[in-house]
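Me: I'm new to this one, so could you walk me through it? Show me the sequence and the structure, and I'll ask as we go.

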Amino acid sequence: MHKKLKSLSVFFPLYNEESNVIPLVEKALEEIPHLANEYEIILINDGSTDATLKIALEIAEKNERIKVVSQENRGYGGALKTGFYTAKYEWVFYSDGDLQFELGEIQKLIEHTEENDLIIGYRKSRAEGFKRELITWLLKIWNKVFFDFPGFIKDTDCAFKLIKKEVLNKVMPLQSNGGLISTELLLKAYNSGFKFAQVPVTHKKRLYGNSTGDSLAVIKKAVKETVQLLNLFPKRKKFLMLNFAWFVVLLLLFPVALSINYMQNDEYTHYRMVAQFLNLDFTLDPYLGSTTHELVESLIGKIILCRITFLTLLLHCLKFVSVLCLGFFLPG
Ligand SMILES: Nc1nc2c(ncn2[C@@H]2O[C@H](COP(=O)(O)OP(=O)(O)O)[C@@H](O)[C@H]2O)c(=O)[nH]1
Ligand SMILES: [Mg+2]
């Protein structure tokens with residue numbers, strides 16, 4: 001016997017989705033009535049320039065459970081925020097209006113509502129292929145570096161989330177109007193101690209309309225929003241600024257260290273080693289040796305160990321980069 005919710009608000013952000021609205025609502029009406037005793041379906045028109053609004057209003061006129069909210073174009077985050085405010089029931093579900101997700105899978109999320117406050121989908125694989133898969137990974141690293149984002153969250157911006165209205169009340173107001181909205185929402189919910197469950201979901205290719213999720217404008221906006229969002233986390237901002245300042249100091253010291261090392265070696269040895277190294281010509285130099293083993297040994301001996309200043313600086317730089325990158329792999 002499947003679990004059924006007492007009440008559920010479902011909303012979809014729509015931006016120029018005129019070909020998707022009808023199949024979307026048909027599919028939603030097929031699934032949602034089985035999932036909750038009380039429900040509403042909200043269509044958020046985010047300043048579409050095509051017939052999305054007209055079609056949505058026509059549909060809503062025929063069914064009182066369907067509502068339309070229309071606004072000037074504010075971006076993906078702006079559309080989600082409107083949905084979060086408008087949704088009135090105990091649980092709130094949202095997905096994209098382009099039918100890339102399988103609405104039948106909401107049931108899988110509902111099964112986890114007993115012990116959790118947010119049940120979020122993660123895409124087993126992304127329908128658009130490698131480029132978007134890469135963007136998901138980059139976003140993960142980005143979030144970890146800038147916000148120390150919880151590493152257990154597999155797919156931050158997967159548009160298939162079921163959230164308690166109580167969580168939304170707690171985390172709002174949200175600041176982001178673009179792609180960083182999911183980062184902000186999940187981070188605030190996590191920091192407030194709400195419980196998460198994650199469920200694998202199917203991701204399909206768009207049948208109609210065009211995706212703008214990886215456009216340059218969207219990415220630029222996300223970078224801007226990261227800086228703005230950091231203002232909400234002053235401790236993290238201070239940590240990042242200190243690290244960055246240290247990194248700049250090391251970079252400035254770098255040429256100084258190089259010239260000290262240069263002075264420690266005679267000019268002839270220096271040039272000969274560089275020239276040979278660039279020519280990948282190791283065998284001619286009796287000092288560098290002819291076998292790989294000898295080569296490695298003499299490189300360590302001559303280039304690294306002699307140049308302690310250089311090495312120290314290099315280690316500091318590596319430390320800085322690895323603190324940022326390693327943070328990504330550490331739990332929490
Ligand atoms: N790109 C974009 N999408 C919006 C906007 N407002 C609402 N959306 C909706 O956000 C969802 C995701 O957009 P999409 O371009 O498919 O992104 P992708 O799935 O990441 O490629 C769709 O349902 C859009 O209709 C907006 O201003 N820009
Ligand atoms: Mg899409």
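Me: Let's start with aspartate 117. Which loop does aspartate 117 lie in?
Reply: Keep in mind that this is a predicted model. Aspartate 117 comes before strand β5 (118-123) and after helix α4 (106-110), so to place it, name the loop by those two neighbours. That makes it the loop between α4 and β5.

Me: Does aspartate 117 count as buried or exposed?
Reply: The cut-off for buried is under 20% relative accessible area. Aspartate 117 has 13% relative accessibility, so the label is buried.

Me: Which residue's backbone nitrogen lies 2.7 Å from a polar atom of the side chain of aspartate 117?
Reply: Leaving aside neighbours within four places in sequence, aspartate 117 is in contact with residues including Trp91, Leu162, Phe194 and Lys195. The backbone nitrogen at 2.7 Å from its side chain belongs to lysine 195.

Me: Leucine 162 was on that contact list. What is its relative accessibility?
Reply: Leucine 162 is found in strand β6 (residues 160-164). Among the residues it touches are Leu8, Phe93, Asp117 and Leu118, with residues up to four places away in sequence not counted. It counts as buried because its relative accessibility is 0%.

Me: How far apart in space are leucine 162 and histidine 112?
Reply: Along the sequence, the two are 50 residues apart. In space, going C-alpha to C-alpha, the distance is 9.9 Å.

Me: How many residues does the largest nonpolar core have?
Reply: Leu8, Leu43, Phe84, Phe93, Leu118 and Phe160 have the most contacts inside this core. Leucine 8 also touches Ile32, Leu35, Tyr89 and Leu162, among others, not counting residues up to four places away in sequence. The core's residue count is 70.

Me: Why is helix α7 described as largely enclosed by the rest of the structure?
Reply: Helix α7 covers residues 181-191, which makes 11 residues. Its buried residues include Ile181, Glu184, Leu187 and Lys188. The helix is largely enclosed because the number buried, out of those 11, is nine.

Me: And just after α7, which residue takes a positive phi?
Reply: The phi angle there is about 85°. The residue that takes it is glycine 193.

Me: How much space lies in the largest pocket?
Reply: The lining has 50 residues, and Tyr76, Thr212, Gly213, Asp214 and Val218 lie nearest the pocket's centre. Elements giving two or more residues to that lining are β1, α3, α5 and α8. By type, the lining divides into 18 nonpolar, 18 polar and 14 charged residues. The space in this pocket comes to about 1,200 Å³.

Notes: Residues are numbered from 1 along each chain as its sequence is written. Chains are lettered from A and ligands numbered from 1 in the order in which they are written. This is a predicted model: local features need pLDDT of at least 70, side-chain atom pairs count only at pLDDT 80 or more; totals for chains, interfaces and linings use all residues. Side-chain values use heavy atoms; hydrogens and water are left out. A nonpolar core is a set of buried Ala, Val, Leu, Ile, Met, Phe, Trp, Tyr and Cys residues joined through side-chain atoms within 4.5 Å. Buried means under 20% relative accessible area, exposed over 50%, partly exposed in between (1.4 Å probe, protein chains only). Contact means heavy atoms within 4.5 Å. On a 1 Å grid over the protein atoms alone, a cavity is a set of points where a 1.4 Å probe fits but cannot get out, and a pocket is an open set with protein on both sides within 12 Å along at least five of seven lines; lining residues have an atom within 4 Å of a point. Grid points are joined across faces, edges and corners, and a volume is the space filled by probe spheres set on the points. Helices (H or I, at least four residues) and strands (E, at least two) are DSSP runs, numbered from the N terminus. Ala, Val, Leu, Ile, Met, Phe, Trp, Tyr, Cys and Pro count as nonpolar, Asp, Glu, Lys and Arg as charged, and the others, Gly among them, as polar. A polar contact is a pair of N or O atoms within 3.5 Å; within protein, one must be able to donate a hydrogen and the other to accept it, and residues adjacent in sequence count only if both atoms are side-chain atoms.
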